[in-house]
Amino acid sequence: MDWSQDTLRAGFCRALSDMYKSEVPLYGDLVDLVWKADAEAINKSRELGGADTIDPDEVLPSRHRVERHGAIRLGTAQELATIRRMFAVMGMYPVGYYDLSVAGFPMHATAFRPRTREALARHPFRVFTTVLRMDLLTERTRDLAQRALKQRNIFTDRLVALINLAEVQGYLTPHECKEFITEGLETFRWHSKATVTLEEYKILKEEHPLIADIVSFPSCHINHLTPRTIDIDLVQKMMQDNGMPAKERIEGPPRRECPILLRQTSFKALEETVYFRDSNETYVKGSHTARFGEVEQRGYALTRKGRKLYDDILSQVNREAAETEADSWRYEEILKKHFEAFPDDLRELQKQNLAYFCYRTTPKSKEGLGSEKASLSQLLEDEILEFEPITYEDFLPLSAGGIFNSNLGNTSQSKRLIMEADADLDGFQQMMGTPTVDEISLYEQMQKDSLENCRAELGLKEIVE
């Protein structure tokens, strides 16, 4: 393996996916099902009939087939700071801040991912990383959690040595890259032996099931890996047809001609056998529910104006759904109705500045403009420039919340305390040891850079938006 952050990231993601397939066979079934759904969707759209006519691997961009996002849950500042350094070796950096207290979880999060268009195109692995907020736990649970987390180390000594080496010398040798992957997998490996007693586990779980998941085990086991699809509605139907325990509904916006942000679905978490220590230091059999399989369909990145419209519509949807006590089917109807207010036409999204786009010159641009300044709308009208939407690379906290909630069962006594909490971006960044990047500013910069390239190619002094 030659050294490059992109190559190391791709190798790590592939190894993680293989490990998760062996731990959760249903995830392997899900990956196969997504491949079949994509093949069927491609063949339908091309009206060639028959799911085997076109191999999706030959049609879809290469990043689409390898794309995965994972999710992990951490317990301490030391774990967050070290994982941040580990991901940086693979060219993954903290983007965005997610306050999950609004969905009733005593956690906040960021997404570690590549930040540039080029790195995302080479390999778009991302890990949604949550960390426990001790300030939102009741005193008894906090004491227990801190005591349990102090006793564990989720990183091998060799992994920490390799992280230090990469930071000092700026690269890893091919052999060190292989070691990094092997040692790094141990951080995410599932362990069926808990580090707490059954009694302690019950106390943690009673306050919130996610607290029990974070605190009770010797690693920050990966709790889901997510393949990407081009038709999530078809995947949802195929999951149900194949008897997978699929969620009742797809999270996120409704199906659209111009997909926006993110849509997700999953199969519900599996009940797994776990062994807990008892007072005699022997292990007793119990069970734990945490790991599941998720699928995503990515749409366009929205501007701040577009995001505000999206959030406003979603608030109206949730208000009406609550007032009418809507079931899953009725919720979909309410969602579709309200989202009619969000333009579903590419040119309108561009004209109204609701989504971000990359611009490029067309063959017509060679005809010469004969002016120093031109308006973007005129350049598009004259077909001197064309545009394509920028893919949304991040997450929706409320969407993630819905996925989590479907796996939790009844909520606990501390939910009120959690939901009344304020976001704590400063505290999160201090724990991590570095600031997070605002995701919308990254998309904004991509659009600006593409326009600047067009301006230079066309020999203009200015393109007026």
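Is glutamate 383 buried, partly exposed or exposed in terms of its relative accessible area? In this predicted model, glutamate 383 is partly exposed, its relative accessible area being 45%, and the first legend shows the salt bridge in which this residue takes part.

**Close-up 1. Glutamate 383 and lysine 364 form a salt bridge between two loops.** The closest N and O atoms of glutamate 383 and lysine 364 are 3.2 Å apart. Glutamate 383 is placed in the loop between helix H16 (376-381) and S13, whereas lysine 364 belongs to the loop between strand S11 (357-361) and strand S12 (373-375), so the contact ties together parts that are 19 residues apart in sequence. Lysine 364 is partly exposed, with a relative accessible area of 39%, and for glutamate 383 the corresponding value is 45%.

**Close-up 2. Glutamate 388 of strand S13 forms a salt bridge with arginine 117 of helix H6.** The closest N and O atoms of the two side chains are 3.6 Å apart. Because glutamate 388 lies in strand S13 (residues 385-389) and arginine 117 in helix H6 (residues 117-122), the pair ties together parts that are 271 residues apart in sequence. Glutamate 388 counts as partly exposed at 31% relative accessibility, and arginine 117 likewise counts as partly exposed, at 35%.

**Close-up 3. Arginine 307 and aspartate 311 meet in a salt bridge within helix H13.** The N to O distance between these side chains is 3.7 Å, and both residues lie in helix H13 (residues 304-323), where they are four residues apart, about one turn of the helix. Arginine 307 counts as buried at 15% relative accessibility, whereas aspartate 311, at 35%, counts as partly exposed. The structure holds 40 salt bridges; a network of them links Glu67, Arg126, Arg228, Glu296, Arg298 and Glu393.

**Close-up 4. Cysteine 358 and cysteine 454 are not joined by a disulfide.** The sulfur of cysteine 358 has its closest cysteine sulfur in cysteine 454, at 9.0 Å, and this separation is too far for a bond, given that a disulfide requires sulfur atoms within 2.5 Å. Cysteine 454, for which the nearest cysteine sulfur is that of cysteine 358, is in no disulfide, and the structure as a whole holds zero disulfides. Both side chains belong to residues that count as buried, with a relative accessibility of 7% for cysteine 358 and of 2% for cysteine 454.

**Close-up 5. Five strands form an open sheet with mixed pairing.** The order of the strands is S2-S3-S4-S1-S6. Strand S2 (93-99) and strand S6 (224-227) stand at the edges, and because each has a single partner strand, one side of each is left without a neighbour in the sheet. From one strand to the next, the twist averages 20 degrees. S2 pairs with strand S3 (residues 107-113) in the antiparallel sense over five bridges, and aspartate 99 has histidine 108, in S3, as its bridge partner.

**Close-up 6. The largest pocket holds about 960 Å³ of space.** Of the 32 residues that line this pocket, His64, Arg228, Ile230, Pro259 and Arg298 are the closest to its centre. The elements that give two or more residues to the lining are helix H2 (25-45), helix H4 (62-66), H6, helix H12 (232-241), strand S10 (293-298) and S13, and H2 gives the most, with four residues. Arg228 and Arg298 are also members of the salt-bridge network described with the third view.

**Close-up 7. Arginine 122 of helix H6 is shown with arginine 63.** The C-alpha atoms of arginine 122 and arginine 63 are separated by 6.7 Å, although the two residues are 59 residues apart along the chain. Arginine 122 counts as exposed, at 52% relative accessibility.

**Close-up 8. Glutamate 325 and asparagine 353 each have a positive phi without being a glycine.** Glutamate 325 has a phi of about 50 degrees and lies in the loop between H13 and helix H14 (328-339), where, at 71% relative accessibility, glutamate 325 counts as exposed. Asparagine 353, with a phi of about 55 degrees, is found in the loop between helix H15 (346-351) and S11, and counts as partly exposed at 39% relative accessibility.

Notes:
Residues are numbered from 1 along each chain as its sequence is written. This is a predicted model: local features need pLDDT of at least 70, side-chain atom pairs count only at pLDDT 80 or more; totals for chains, interfaces and linings use all residues. Side-chain values use heavy atoms; hydrogens and water are left out. Buried means under 20% relative accessible area, exposed over 50%, partly exposed in between (1.4 Å probe, protein chains only). Two strands pair if DSSP finds at least two bridges between them. Axes are lines fitted to C-alpha atoms, for helices over the stretch in contact, and angles run from 0 to 180 degrees between N-to-C directions. A salt bridge is a side-chain nitrogen of Lys or Arg within 4 Å of a carboxyl oxygen of Asp or Glu. On a 1 Å grid over the protein atoms alone, a cavity is a set of points where a 1.4 Å probe fits but cannot get out, and a pocket is an open set with protein on both sides within 12 Å along at least five of seven lines; lining residues have an atom within 4 Å of a point. Grid points are joined across faces, edges and corners, and a volume is the space filled by probe spheres set on the points.
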